[in-house]
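This report introduces a protein chain to a reader who has not met it before. Please look over the sequence and the structure before reading on.

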Amino acid sequence: MAKSPGENGPRSPAAGGSLSGTRESLAPGPDAAANDELSSLGSDSEANGFAERRIDKFGFIVGSQGAEGSLEEVPLEVLRQRESKWLDMLNNWDKWMAKKHKKIRLRCQKGIPPSLRGRAWQYLSGGKVKLQQNPGKFDELDMSPGDSKWLDVIERDLHRQFPFHEMFVSRGGHGQQDLFRVLKAYTLYRPEEGYCQAQAPIAAVLLMHMPAEQAFWCLVQICEKYLPGYYSEKLEAIQLDGEILFSLLQKVSPVAHKHLSRQKIDPLLYMTEWFMCAFARTLPWSSVLRVWDMFFCEGVKIIFRVGLVLLKHALGSPEKLKACQGQYETIERLRSLSPKIMQEAFLVQEVIELPVTERQIEREHLIQLRRWQETRGELQYRSPPRLHGAKAILEAEPGPRPTLQPSPSIRLPPDAPLPGSKGKPKPHKQIQKEQQKQEKASGQLEKTPMPGQAKMVIAGGDACPPQDVPPKDAVHQDPALQDSAPLDSAHHCSKESLTSQESEDTYL
């Protein structure tokens, strides 16, 4: 029975489903009952107040699979320096994205500081912009009752998401309640897509780093910008990307490609969970976080690179293939990967160095789409175009720009003129006094001037119209003035040049 709108949180879902830390399967496994019992034990321990379970720095119970893997410890001094740099970037995000995007990419490859990871993911994904553009939207969706057919499925999946993490270990706890809210809100936001099981671990990872509303908008960005079509009903986008991955593998590791071709193993058998969950259920947790840091910055090419690196190092040499003689052995090898190739430092370095670009992925996408149309017809679900990383998303959806306010870096005294201007704006009283002086001066100049005393004001070498010049008719009527004009030309020019110099001194 679906949860009613008046309840404070989701009811405890029915037992069932595979529980194995960060590597559970999307479908229930044969040992689901035993694993569910383990989850119940963890939940009861927390409810009864037992504190003997130790929690690692990621929030996982020490000894669980989520806490596996050797950690790359960053010195405290280096971590503080990185935090300072990231704070500067986040406080001036638009400027950094516009002019120093390569620097942001390099810092994402080094790893985002844990204290700022959630905030950085929101900026990189564009989730923060979405939240600003849709104020109150999540609350509106959260208050809506939702579709009962999706609510039942979501509730059954809640306890399967990272059951050994302190946030989700308790049935009906705040972690599971927030997860229910985020997933239900998405089914209302995109009713044509509804809910897909692979969205639950994605949302759970986001909730470990940010509140429910921010996690919802980051989930929207992942589903619509980074991995569009992955969670639609027919899963056509993931099938296309499986063919793209297999085609790229031929260039990266011909040995692995030949082996998988010979065994006739469809890419969907090993890459579906990798890609749809962004490796959240596959890798050690420290590696998951580093992969997601790069994924939010650079886009889906990081997911392709990680998949290619795992395939290359699992099946890329004849020695490794000796134990993979059949389909079953090969698939088991890919489901239980060697910890060495998943180790944080090794994996991240391999991913950074692998030369697979957005252009190659888009070229292969067009090729595989053409083949799909030739063999299967048109796609039933038209997904929006995929955007490759933070820069492409920001260019497609620029955030609201606040009104620019002048903030001078040089403080001038109140009576000092501004640099580059002809003078500081004067007070109202001073302006009135100057206007009165000008009126008096203009009254004196209205008197008839003596012949030959017309003044020309020349500024910067250009002649300005004379201020007091006798009418043309008067000049024509007096022949004496006409005869004396050439004689006074030199004297008149000297007056003009003097007046021009005085004019320049006045302006300066």
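A residue is called buried when its relative accessible area is under 20%, exposed when it is over 50%, and partly exposed in between (1.4 Å probe, protein chains only). By this criterion, 43% of the 508 residues of the chain count as buried. The model is predicted: local features need pLDDT of at least 70, side-chain atom pairs count only at pLDDT 80 or more, and totals for chains, interfaces and linings use all residues. Residues are numbered from 1 along each chain as its sequence is written, and side-chain values use heavy atoms, with hydrogens and water left out.

The chain contains 26 helices and 2 strands, where helices (H or I, at least four residues) and strands (E, at least two) are DSSP runs numbered from the N terminus. A contact means heavy atoms within 4.5 Å; among contacts between residues at least 6 apart in sequence, 74% join residues at least 24 apart. The exposed surface of the chain is about 27,800 Å², of which carbon and sulfur atoms supply 54%. This area comes from the Shrake-Rupley method with a 1.4 Å probe.

Most residues other than glycine have a negative phi. L235 has a positive phi, and K264 likewise has a positive value.

| Residue | Phi | Loop between | Relative accessible area |
|---|---|---|---|
| L235 | near 55° | α11 (212-226) and α12 (236-252) | 27% |
| K264 | near 55° | α13 (254-263) and α14 (268-276) | 70% |

With its value of 27%, L235 is partly exposed, whereas K264, at 70%, is exposed.
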